[in-house]
Amino acid sequence: MVKTFVLDTNVLLHSSQSLNAFRDNNIAIPMAVIEELDKFKKSHDELGRNSRRVIRALDSLRVQGKLSEGVSMKNLRGGAQGRLRIVSAGNAGNKYWQLLESFGWDSDKADNRILVAALQLQAELTEPVIFVSKDINLRLKADMLGLKVADFEQEKVEPERLFTGYQTIEVTPEELGKFQRDKVLEKLNCTLLPNEFAILKAPADAENFALARYAGGNRLTALNLADDFHIGNIAPRNPEQRMALELLCDPSVRLVTLLGGAGTGKTLLALAAGLFEIFERKHYEKLLVSRPIVPLGNDIGFLPGGKNDKLQSWMQPIFDNLEFLLEGSNRDPKQNPERQLNNLINKGILQMEAITYIRGRSIPEHYVIIDEAQNLTPHEIKTIISRAGEGTKMVLTGDPHQIDNPYLDASSNGLSVTVEQFKKEKIHGHVTLRKSERSELAALAAKLL
């Protein structure tokens, strides 16, 4: 049965492709949504870009007829049917406005005008009308008014079922011993994905285990890195960190995603591997580090200085980790870590870049680290990854449960979506880090708070 979906502004701002997401069903856009899109269209961020894309798409449909009467979206959707119309909230004082006023709701508020338009459409049509919004509070209000409601879930994943990058496999003591001796195990009884890891355990000996990596077919092989592998003063402290370093130091894996809570070492490991791959193995020419500029809590306003001065505050966590890594290196013992860091920046080997300025670039032969990637939308992640030129490796790190972007959550952020979409690709590898190694206090905070 054909349905009509009434779209809230935040759906269109979240994804400019949302107009194409409802197959052969119809779409209704309240006039209040058009007015809100107009407020965003001059913005230079992702919301502004999505607003402009939606407005241009609507303008391309306008030539087919009056949007107030409804036009076919066949051309916009690549052959799929469905009609789009723009609807109004009607005259003030009608029964739906009176209903909202009886609740004490402000009639001048755009959200309430959107709800009135949806109510009128529901009374007008015989087909099901569903109000779609990413605003939880507005969905609650719509449900209270008797509207069917839904979240926009085209680009969502289930956080609890998110790919971890490894699984525990039970083997016999004989199989475990054979793998530890021969470094190969054949004839698996489970399904693994490319570059997925296996923790091999024999039930009779819980303390003894081995780490393996899926090599295709029915075959597991030992990790490429030695058990005692370390980078300067950094050595993996748990199996997950060792698996992460295996991916970070493998040139054949062009995209690495690392998820983990505070103190699990995802950023420190990525930076350590980047320096190692550039200076020791010579696989890349430069290290580029970036992170989205999304504040935690209230913003402190504009920062003084040029681009590099402004980035200094946002990149301080990166500088802290780099200074710690350089402090343990023997590359130039006559210089302190801060001076070594400045030398790397002055020589152009280490680059700090704002996400804003990555668009349009082509980045070859770089080791690129995008920290706090959970604050990026799927489209922003797509834009960043598509900048990779020949010989470039991309590393995305973040914690889907620490999101500061008000339009994203653990299931809709770009990092989680990337993990799920790329998990079957041979050039991608992923590890979820679970154990905090920063300090006992940090581990307890991550667990209890």
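Me: How many aromatic pairs does a search of the whole structure find?

Reply: Four aromatic pairs turn up. Bear in mind that this is a predicted model.

Me: Take F229 and F276: why is that pair called edge-to-face?

Reply: The planes sit at 85°, and anything over 60 degrees counts as edge-to-face. The centres are 5.4 Å apart, within the 6.5 Å cut-off, so the rings do pair.

Me: And what makes it a link between distant parts of the chain?

Reply: F229 is in the loop between β11 and α8, F276 is in helix α9, and 47 residues separate them.

Me: Why do F229 and F276 count as buried?

Reply: Buried means under 20% relative accessible area. F229 has 13% and F276 has 14%, so both make the cut.

Me: What about Y284 and Y367, how do you know how their rings are arranged?

Reply: With 80° between the planes, the pair passes the 60-degree mark, so edge-to-face again. Y284 is in the loop between α9 and β13, while Y367 is in strand β15, 83 residues away.

Me: Why is C190 called partly exposed but C249 buried?

Reply: C190 has 26% relative accessibility, which falls between the 20% and 50% limits, so partly exposed it is. C249 has 4%, under 20%, hence buried. As for disulfides, the whole structure has zero.

Me: What makes M144 exposed?

Reply: Its relative accessible area is 52%, and exposed means over 50%. M144 belongs to helix α6 and joins L99 and F103 in a nonpolar surface patch of about 270 Å².

Note on methods: Residues numbered from 1 in each chain as written. Predicted model: local features only at pLDDT ≥ 70, side-chain atom pairs only at ≥ 80, totals over all residues. Heavy atoms only, no water. Patch = residues over 30% accessible without salt bridge, like charges linked within 9 Å, V, L, I, M, F, W, Y side chains within 5 Å. Areas by Shrake-Rupley, 256 points an atom, 1.4 Å probe, with all protein chains shown as cover. Salt bridge = Lys/Arg side-chain N within 4 Å of Asp/Glu carboxyl O. Helix = DSSP H or I, 4+ residues; strand = E, 2+ residues; numbered from the N terminus. Buried < 20%, exposed > 50% of the residue type's maximum accessible area, 1.4 Å probe, protein only. Disulfide = S-S within 2.5 Å. Phe/Tyr/Trp six-rings, centres within 6.5 Å; stacked < 30°, edge-to-face > 60°.
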